[in-house]
Each structure stands twice: as structure tokens, then as C-alpha cells.
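Welcome to this tour! Open your viewer, keep the selection box handy, and follow along one stop at a time.

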Amino acid sequence: MNFRNLLLLYYLVAVGCMANFGVVPLIRFCALRSAPTFLRFLALLLSVTLVLEAIIKLLSFNDKNDPGKRVFVTSPILSVKLFAIIPIITIAFWPVHSWALDNGQTQNDIVISIGEHYELPLPNMKKFTIGNHEVLSHKLTEQKRLIIKGIKLGYSELVVWEQAGTKQEFQVYILSKEKQLKLSHYLQTLHNFNIDATLSGPLIVIRGTISSLSQLKIIRQLTNKAPDIFHLAAHFNQALRNEIIGDIYKQFYEQYIDHIICEDNLLDINCRYTDTNDVDEKFLSIISQKYGANLVKMASNVADKKYLLRLKIIQMEKMNGEELGLGLDSMSGQLSDLFTGGLTSLLKNNSLLLEEQAVDMSTLAEPEIVIIPGKEVEIEVGGDIPLAINNPDDNDKRVLFFKFAGIKIKIKIEKHNDKFMANYKTEFSRPGENNDSVTGNKESSAALVAKGTPLQLFQIGFKTVDNATRSLPLINKIPLIRTIFSSKSGHSNHKKISGIILLEEYEI
């Protein structure tokens with residue numbers, strides 16, 4: 001038997017097997033069990049057949065009259081070879097589809113509106129059954145075409161048995177014309193944005209990978225408009241996921257909110273954040289609408305954690321009446337020395353400089369207060385002083401009244417990443433030149449404070465008035481007020497008051 005007859009025989013056997021796989025149970029059982037080996041053999045045979053050298057040899061043979069001369073086959077013989085290759089390809093790919101079905105059963109969804117006809121060609125049908133005749137009518141033509149018609153809203157199963165023993169199940173959904181048009185419109189819109197969407201009964205199922213914000217935006221718009229129609233089974237690709245979550249983190253960090261965790265689940269972005277301050281609701285709404293993110297505020301001990309705020313108020317006075325140009329930043333040593341060794345350690349390291357500059361340093365106050373981030377606290381250094389004004393009823397008499405003189409500090413600490421944002425306001429007031437009023441100035445600012453690291457928060461410069469304590473002798477009886485507003489040298493001097501803070505964890 002030559003090669004041509006072998007291929008022809010193989011072709012006939014293959015065709016016979018294909019015709020009997022679905023009829024004879026034993027052959028079908030053997031075919032299912034031997035499918036992997038059979039497909040491997042066919043793939044190997046196909047690859048060998050398609051090799052260039054093999055093709056050349058198969059398409060030619062030696063001439064009997066001239067052994068050294070090769071003659072190519074004629075077209076009829078070539079056709080036999082081509083027909084031998086075609087069934088190999090057909091058989092190789094045919095089992096993958098048919099054997100993938102569960103016992104030869106297939107399922108399909110059919111969506112029609114009330115009054116709409118749908119035609120099913122069923123040439124190999126043996127019998128069929130309709131589950132719900134109240135919503136679906138039918139008619140079978142002589143050509144074995146089943147025509148179904150929607151009667152009213154509802155659902156019905158249509159089961160068809162074929163002569164080969166296979167069974168098909170159709171899920172028939174009868175919708176209103178309005179809903180059917182809406183589904184068709186939504187489905188076309190998704191396809192216009194290259195989104196993988198299919199109709200599954202009365203639902204649109206979105207699958208695949210979402211790779212752009214425009215795709216996400218149109219999905220959000222449609223699902224918000226008709227949430228009962230869509231089923232989301234798609235997910236972000238890695239680049240888009242990182243872009244969205246990264247931008248959410250950035251937006252929250254700019255609002256001084258660093259405790260935030262975001263995770264993705266299909267097309268949902270779920271973010272949990274801990275905030276020690278009041279978050280702008282408009283800001284949260286913008287983030288939620290832009291990405292469809294679910295923002296949940298977590299209860300955490302961070303919001304209730306307490307810290308100890310230590311404040312050193314240092315006064316520097318120029319003793320010779322000249323302007324004071326020296327500051328804490330011009331001295332040797334560290335600000336932390338003020339909290340470990342007190343002002344004495346700073347004076348030792350800068351004794352020659354202070355003596356040369358004729359500068360005297362002293363500590364006005366060392367208040368400590370326990371604070372909670374997000375809550376404002378107020379510290380007062382000073383007191384109420386008596387002021388004399390003319391009696392409005394009798395100009396010859398003076399009336400005393402009391403008003404605060406000194407320093408008021410309002411501080412609000414807010415968590416900002418691994419540091420704290422200190423928003424503060426200072427108000428410095430002192431007796432006027434005529435001692436009948438209180439004058440001063442107010443300032444507000446903000447600074448980043450690292451826990452455990454001292455920071456000079458503010459510095460106030462002013463000039464003492466020598467006659468202030470002489471005309472109001474009661475001031476001399478208030479130690480702190482006397483220190484701030486009087487002069488050690490007996491005449492008017494320039495002074496600077498600096499505030500240094502240190503934030504530490506509060507331990508009970």
C-alpha cells in the first residue's frame with residue numbers, strides 16, 4: 001500500500017468515526033478517553049506534513065524512464081493530498097468544541113419583547129417542550145423552524161432534543177419594548193468604548209479588563225443610571241488601578257490625612273481613612289464621584305491619642321539700650337538643651353557672647369499642657385493689670401479697671417504624615433505710654449513640628465517703657481508682668497521674647 005492509499009484510507013476512517021461519535025456510546029466513550037493522545041498524534045502528523053522537505057518529496061516522484069529525473073504530481077493527485085490534510089485539521093479542532101459541552105447539552109439566552117417573533121432553525125430536532133405557555137406562544141413549520149412569540153412579560157424555558165441525542169436549553173426572556181430598546185442602547189454604548197459587554201437575559205454583563213478612565217466613567221454613568229440592569233464582572237488593569245489609588249492617596253495627603261488604605265475589588269475602590277480633623281464633605285464627594293470610591297471613616301486610637309506640649313518662653317534683653325540683634329539661632333548649642341539642662345546650659349555655652357553683646361537672658365515661663373490632635377488649646381503668660389482712666393462723670397477723678405497684659409498663645413495640632421502641623425496664634429499686649437490702655441499686636445502662622453524635636457515657634461520684639469512701672473506701682477507687685485515690661489538697667493531697653501515648643505507622647 002503506497003502513501004497515497006494510506007492517506008485515503010485514513011480519511012475514510014476519520015469520516016466514519018466523525019459520523020458515529022454521537023450515536024454509538026462505546027465509540028463516544030473511547031473517543032473521549034483517547035482524545036488527548038489522538039490530538040497529539042494529529043498535531044504531529046500535521047507538522048510533519050507541512051515541513052517544506054516533506055511537501056516537496058510528497059509532490060514529486062522519480063520518472064521510470066529516467067531515474068535521475070523527478071516529475072511533480074499532476075493536479076488530480078495533488079488534490080488527493082490536500083483532501084488528506086483538510087480532514088486532519090477538521091478532526092483536530094472539532095473535538096475541542098463538541099467535547100467541551102456537558103453531555104452534549106448547550107444553553108442559550110433569547111431576549112424578545114412583547115409581540116416580537118423569533119425564529120429558531122432546528123433541522124435535527126426530534127422533540128421540544130416549552131415551560132411557560134402563558135408568556136410564550138409557538139408554531140413549528142414543515143421545514144422544522146420553530147417560531148416563538150412573546151405574549152406577556154415573563155420567562156420560559158425551551159428545551160430541544162435532537163435526533164443525535166443531544167439536548168439544547170434556551171432561556172427565553174420576554175421584556176417590554178421600552179426595556180429592550182434600553183438594553184440595546186446601553187449595550188451599543190459600551191461597545192463603542194471597546195468594553196466587553198454581553199446580554200445575559202435581562203441583564204448586561206460587563207467582563208474583561210478596564211484600562212482607561214473614559215471606560216470607567218461611562219460604566220459609572222450607566223450603572224448609576226440603571227443599577228438593576230448591569231452585572232459587573234470586569235476588573236482594572238494594573239496601570240489604571242495604580243493611577244486611581246495613587247491619585248486618591250495624593251488628594252488625601254494634601255488634606256493632611258495620611259492614615260488611609262485603599263483596596264480594589266473588581267471595579268470598586270474601597271478606602272478606609274482615619275482623620276483627627278474635620279474633613280471637608282465637598283472634598284469627599286468629589287473623590288467619590290470621580291472614581292466611584294467608597295470612603296469609610298475608621299474609628300482609631302490615633303484620633304484620641306494624647307500628647308504633651310512643653311513650651312519654653314525665653315526673654316532676651318539688651319542692657320545698654322541699643323537695638324537687640326542677637327537671637328537664639330545665633331547661639332551655640334541645641335534647642336534641646338533648654339529642655340534637658342534648662343537655660344543654664346545655654347548660658348554656659350554662650351557666656352562670652354552674651355557678655356560682649358550686653359544681653360541678659362531669662363526664662364519667663366515653662367508651661368506644659370496635654371493636648372489632643374485637632375483640638376485647640378490656649379496658653380496665657382501674663383495677667384490682668386490695673387489701668388487708670390478719667391471718670392466720665394467727674395474729670396477730676398481717675399477710675400481703675402483691669403485688662404490682660406502679656407502673651408496669649410492658641411495652638412491647634414493636626415497630624416500630617418509622620419509630623420504634626422501646628423497652627424498657632426499669638427497675641428502680645430502691654431500697657432500704653434499713658435498707662436490708660438493696653439496696646440499690642442496679633443500674629444498667626446503654621447509650622448511643621450516633629451515629635452521629640454524642639455522648634456522655635458515665634459519671636460516677639462518690643463521696647464520697654466521706663467515710666468510704665470513708676471506711674472502704676474501696682475505692676476511691680478506682679479512678678480511676671482514686672483519682668484516683661486520693666487527694665488533691669490533702669491531705662492528703656494529692647495527685648496525679644498521667643499517661644500520654643502517640644503511635642504512628646506503623653507504617658508500616664
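**Stop 1: strand 7 and its partners**

Select residues 145-150, which make up strand 7. Its covered face holds Leu146, Ile148 and Gly150, while Arg145, Ile147 and Lys149 are on the uncovered face. In a regular strand the side chains alternate between the two faces of the sheet.

A quick note before you go further: this is a predicted model, in which local features need pLDDT of at least 70 and side-chain atom pairs count only at pLDDT 80 or more, whereas totals for chains, interfaces and linings use all residues. Residues are numbered from 1 along each chain as its sequence is written, and side-chain values use heavy atoms, with hydrogens and water left out. Helices (H or I, at least four residues) and strands (E, at least two) are DSSP runs, numbered from the N terminus.

Now add residues 117-121, strand 4, which runs antiparallel to strand 7 and is joined to it by 5 bridges. Two strands pair if DSSP finds at least two bridges between them. Look for His117, which stands opposite Lys149 in strand 7.

Next, add residues 136-140. This is strand 6, also antiparallel to strand 7, with 5 bridges joining the two. Here Leu136 stands opposite Gly150 in strand 7. Strand 6 and strand 7 form a hairpin with 4 residues between the strands. Click on Lys144 in this hairpin: its phi is positive, near 55°.

**Stop 2: an open sheet with a helix across it**

Which order do the strands take in the open sheet of 3 strands? The order is 10-11-13, and the pairing is mixed. Strand 10 (196-200) and strand 13 (230-232) stand at the edges with a single partner strand each, so one side of each has no neighbour in the sheet. From one strand to the next, the twist averages 25°. Axes are lines fitted to C-alpha atoms, for helices over the stretch in contact, and angles run from 0 to 180 degrees between N-to-C directions.

Select residues 203-207 to show strand 11, which pairs with strand 13 in the parallel sense over 3 bridges. Ile204 is a good residue to label, since you can find it opposite Phe230 in strand 13.

Then show residues 177-192. This is helix 5, which lies across strand 10, strand 11 and strand 13 and runs at about 160° to strand 10.

**Stop 3: the two sides of helix 8**

Move on to residues 281-291, helix 8. Which of its residues are buried? They are Phe283, Leu284, Ile287 and Tyr291. Buried means under 20% relative accessible area, exposed over 50%, and partly exposed in between (1.4 Å probe, protein chains only). If you look down the axis of helix 8, the buried residues fall within an arc of 100°, so they line one face of the helix. That arc is taken from the directions from the helix axis to the C-beta atoms. An α-helix has 3.6 residues a turn, so residues three or four places apart point the same way.

On the other side of helix 8, colour Glu281, Lys282 and Gln289, which are exposed. To see what the buried residues pack against, show helix 6 (213-225), helix 7 (238-254), strand 16 (268-274) and strand 17 (293-297). Contact means heavy atoms within 4.5 Å. Just after helix 8 comes Gly292, with a positive phi near 65°.

**Stop 4: a disulfide and a neighbour**

Show Cys262 and Cys271 as sticks: they form a disulfide, with their sulfur atoms 2.1 Å apart. A disulfide is a pair of cysteine sulfur atoms within 2.5 Å, and by this rule the count is 1. The link of Cys262 and Cys271 is right-handed, with 110° about the S-S bond. Are Cys262 and Cys271 buried or exposed? Both are buried.

Now pick Val296 in strand 17. Val296 is 25 residues from Cys271 in sequence and 6.2 Å from it in space, C-alpha to C-alpha. Leaving out residues up to four places away in sequence, Val296 touches Cys271, Arg272 and Tyr273. With a relative accessibility of 46%, Val296 counts as partly exposed.

**Stop 5: one last loop**

Finish at Leu266, in the loop between strand 15 (259-265) and strand 16. Leu266 is not a glycine, yet its phi is positive, about 55°.
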